Structure formats: structure tokens, C-alpha cells
Amino acid sequence: MSSPESFYDAQEIRGADEREAALMAALPAQIAHAQAQAPAFAGLLQGVEAARIASRAALATLPVTRKSELLARQQAARAAGGDAFGGFSAIGWGAARRVFQSPGTIYEPEGARSDYWRVARALHAAGMRAGELLHNSFSYHLTPAGSMMETGAHALGCTVFPGGVGNTELQLQAMAELRPQGYVGTPSFLKILLDKAQEAGQRLSITKALVSGEAFPPSLRDWLIERGVRAYQCYATADIGLIAYETLAREGLVLDEGVILEIVRPGTGDPVPEGEVGEVVVTTLNPDYPLIRFGTGDLSAVLPGRCPTGRSNTRIKGWMGRADQSAKVRGMFVHASQVAELLRRFPGPLGRARLVVEGEMAQDRMTLKVELSGAAPEGLADQLAGALRDITKLRGEVQLLPPGSLPNDGRVIEDARKYD
């Protein structure tokens, strides 16, 4: 499907074994660096011998740091008059070129390296090329999205118009007069621009786009194609930067070359089998902000096989929802981590599990549905019900199911109550 010049660099088509060896060779050094330069990881990884973390199995023994913990540590450090980054950053003022704020509030540094967020690869896969003008409609204020795209475009050799968000009429005027080849921003704002242009009898020059920040359904993708714009999506976060990107094949998202991705069972740090939906956990090789096993809170799954474009890295299905699931039952919060703790108490025949909350308001019913991979030991349902009551402080029923009964959607807690 692709010729050699279709790839951003040779890393995209190297052998899978070669890539894995390179990532695992870089991992111990990154862990040692995080321990030495990021005080938060000095504590979180205390006693860990970095040289021994040279495989995915070894990596899976380390704790997952979730966004809620990062936020709590940042807030505590700032309240004490300490480091604004909560000890997670290996650089401070002066070395950081910019600092951004994400909802919460969480602060992230941007270092001085070219293409700091590694977005050039995704822009290239979407068809952007050196010498082109890109219209950037991501925000340039507070959050890093605008800078992510701009620094990637600059690394690619593109010129950027910093449109930002809002001011639709002025942005359309700029598009009419500058005639950019490409667009980066949210897909919904691109649709707004195209609709407004059509109303004004204006035809936009944009023929390609890289979109992110929200869902990009096939219906909108096809709507854009009908209007002459081929848009591709990428998956990035304010903490990690680029994680994965879409290609011409439109078969899932290919992982970036600078991250180590795991899919774990929600509420745990345990990797799931290939194809099963779970939480995206990322270890970045960024030396400035060396996040180790960072739980994004997003759900996805690994796709089997190789991308038809020839890119050899792992593919994921894309964003499939949120993993940080909870429900309030009879005045008590129940979390996915509690379901995970219950399963840990019963190793062996237990497979997927889902806690379903049903009933009308003030008449909540909890049912723990558990798949069995083998014969159920005598009294297992009663034992599970007792453990559920012990962990959640709430009573619930237990249903034992055959394998494959529960959907492969990563959902651990389902709130099926009626609020009418």
C-alpha cells in the first residue's frame, strides 16, 4: 500500500524483534533516570533494581501511576510550597521551555527538544509534507494541544497558522487568503468550518487533516471525504504526547516509536491477553518527564497482525471509553479496583467479571457476574458474595457464567439503574 517515501523514518518498518529489543534495552536506563531525577519515582520505585527491568514481564511488576495519584502528589507538593510538578518532572524552570495546565489542575512541562511531543510522525502519516501550510485550530492557551501540533509540524518542515479555537469568521478569512493545504484540530470544528464556508459560498483549500481530542466516527470521516478532505486521527495525551496514529489503511492506530504500551485489566496493573479490552498504560522514553507505567484511564485493545501499509509496530483499536469506572450504591462508592481485589482473592477458574448495579433509585441491586474458565469449586458463589460484602461493605448477588458471556468492552462496573 505504501512506497518507501511514505514512511516518516526507517523505525516504522524495522522488524518487530528489533524494535522490542531496542525498547527493552532503553527501559532500564529510563527507570534509573526516573529514580535519580524525578523524586516522585524515587519513592514509587524505591528498592527497584533498574537493571532488572528489561522485559515486559519485569515491567508489569512495577506499580501503575494513575492520573489521580499524579494530581494528588502535585497538589500536595504545591500546597507545601514545593515542586509544581509533584516530583514527576526531571526538569524545572529554565530547562522547561513551556509549562501547560490540564484539567484538575495538572501541570506538564515541555522541554526544548525538536518535536518534543513526537507528533511529526502522525502528521506525516496523515499526508502532511515539508513546505506546506497547516492551519492549527487547537488551543494555544493553557493546554499543550496547539504546541504539540505546531512543534511536530515545524519538525516536518511545515509552516503553521496558529488559528486556535473560536473566531470562526476570522479563521475562515485566513483560510481563504492563505490557502493552507492541511488542517489540524478537532473533527467537529473542521465540520463547522466547512459548513460555514459552504454557507458563504467559499470553497476551502484544505484537502487533508489530522484530528484528535474527541471521537471521530466513520460517518464524519466519510462526510469529510465527500467534501474533499481526507482526515486521519491520532491518540495523544497532555502527559505523554503521541501514543498512536491512524494510517492510510484505516485499520486501527499504529503505536508511536517512543512509547512502551501495555493494556491492563481496569483497576489493576495486570496485562490482559491480546485482543481483550483494558486500560492503556504507557511508559515514555522522554527524559524530561519520565512517566513509568502511567495509567491514562483510557480503554483500548491490541489488534492482531500488521498494518497493511507496512508499518510493523503494534496496533490498537483506538479510544474505547474510560477505565476509571465507579458507581455510588446505597451511599457508598464502588470502584473497579475493588472488583480487581476480589478477583485476586480467588485465583484459578475466574475470568472476566462485571459488577452490575440495577433497580430504581433508592432500591439498588448489585450483581457480580463472573466468567469461569473451569469447573466451579463447591460454594464458590457464596464465597464470592462474602468477599464482595467484605470489600465493598455492600451486599450483592453472584452469577457464575461460562466463558465468553460478558462483552469484551473493558467495562468492570455497569450502572444499569433507571433514573426516569
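How far apart are the mean positions of the positive and negative charges of the protein? They are 1 Å apart, taken over 44 positive and 47 negative charges. Keep in mind on this tour that the model on your screen is predicted.

**Stop 1: the whole chain**

Show everything as a cartoon. You will find 11 helices and 21 strands. The C-alpha atoms fill a box of roughly 75 × 50 × 45 Å along the principal axes. The radius of gyration is 23 Å, which agrees with the value near 22 Å that a compact globule of 420 residues would have.

Now switch on the surface. The protein exposes about 18500 Å², and carbon and sulfur atoms supply 52% of that area. Of the 420 residues, 52% count as buried. If you display contacts between residues at least 6 apart in sequence, 63% of them join residues that are at least 24 apart.

**Stop 2: the nine-stranded sheet**

Hide the surface and select β4 to β10 together with β14 and β15. These nine strands form an open sheet with mixed pairing, in the order β5-β4-β6-β7-β8-β9-β10-β15-β14. Look at its edges: β5 (159-162) and β14 (302-303) each have a single partner strand, so one side of each is left without a neighbour in the sheet.

Zoom in on residues 133-136, which make up β4. Four bridges join β4 to β5, and the two strands run parallel. To see one of the pairs, pick N136 and then its bridge partner in β5, P162.

**Stop 3: two loop residues**

Carry on along the chain from β4 to the loop that leads to α6 (145-156), and select L142. Its phi is near 65 degrees, a positive value in a residue other than glycine. L142 is exposed, with a relative accessible area of 57%.

Next, select D115, in the loop between β3 (106-110) and α5 (120-125). Here too phi is positive in a residue other than glycine, at near 50 degrees. Is D115 buried or exposed? With 13% relative accessibility, D115 counts as buried, because the cut-off for buried is under 20%.

**Stop 4: the four-stranded sheet**

Select β1, β11, β12 and β13. They form an open sheet in the order β1-β13-β12-β11, again with mixed pairing. β1 (65-66) and β11 stand at the edges with a single partner strand each, so each has one side without a neighbour in the sheet.

Start at the β1 edge. Two bridges join β1 to β13 (residues 294-300), and these strands run parallel. Click T65 to find F294, its bridge partner in β13.

Then move to the other edge, where β11 (residues 259-264) pairs with β12 (residues 278-284) in the antiparallel sense over six bridges. Here I263 stands opposite V280 in β12.

Now turn on the side chains of β11. In a regular strand, side chains alternate between the two faces of the sheet. In β11, V259, L261 and I263 point one way, while I260, E262 and V264 point the other way. How many of the six residues of β11 are buried? Six of the six are, and the strand is mostly covered.

**Stop 5: helix α10**

Finish by selecting residues 336-344, helix α10. Which of its residues are buried? They are A336, Q338, V339, A340, L342 and L343. Now bring up what surrounds them: these buried residues pack against the strands β17 (332-335), β18 (350-358), β19 (365-372) and β21 (413-415), and against helix α11 (380-392).

Conventions: Residues numbered from 1 in each chain as written. Predicted model: local features only at pLDDT ≥ 70, side-chain atom pairs only at ≥ 80, totals over all residues. Heavy atoms only, no water. Rg over C-alpha atoms; globule rule 2.2 N^0.38 Å. Buried < 20%, exposed > 50% of the residue type's maximum accessible area, 1.4 Å probe, protein only. Contact = heavy atoms within 4.5 Å. Areas by Shrake-Rupley, 256 points an atom, 1.4 Å probe, with all protein chains shown as cover. Lys, Arg positive; Asp, Glu negative; His and termini not counted. Charge placed at Lys NZ, Arg CZ, Asp CG, Glu CD. Pairing = 2+ DSSP bridges.
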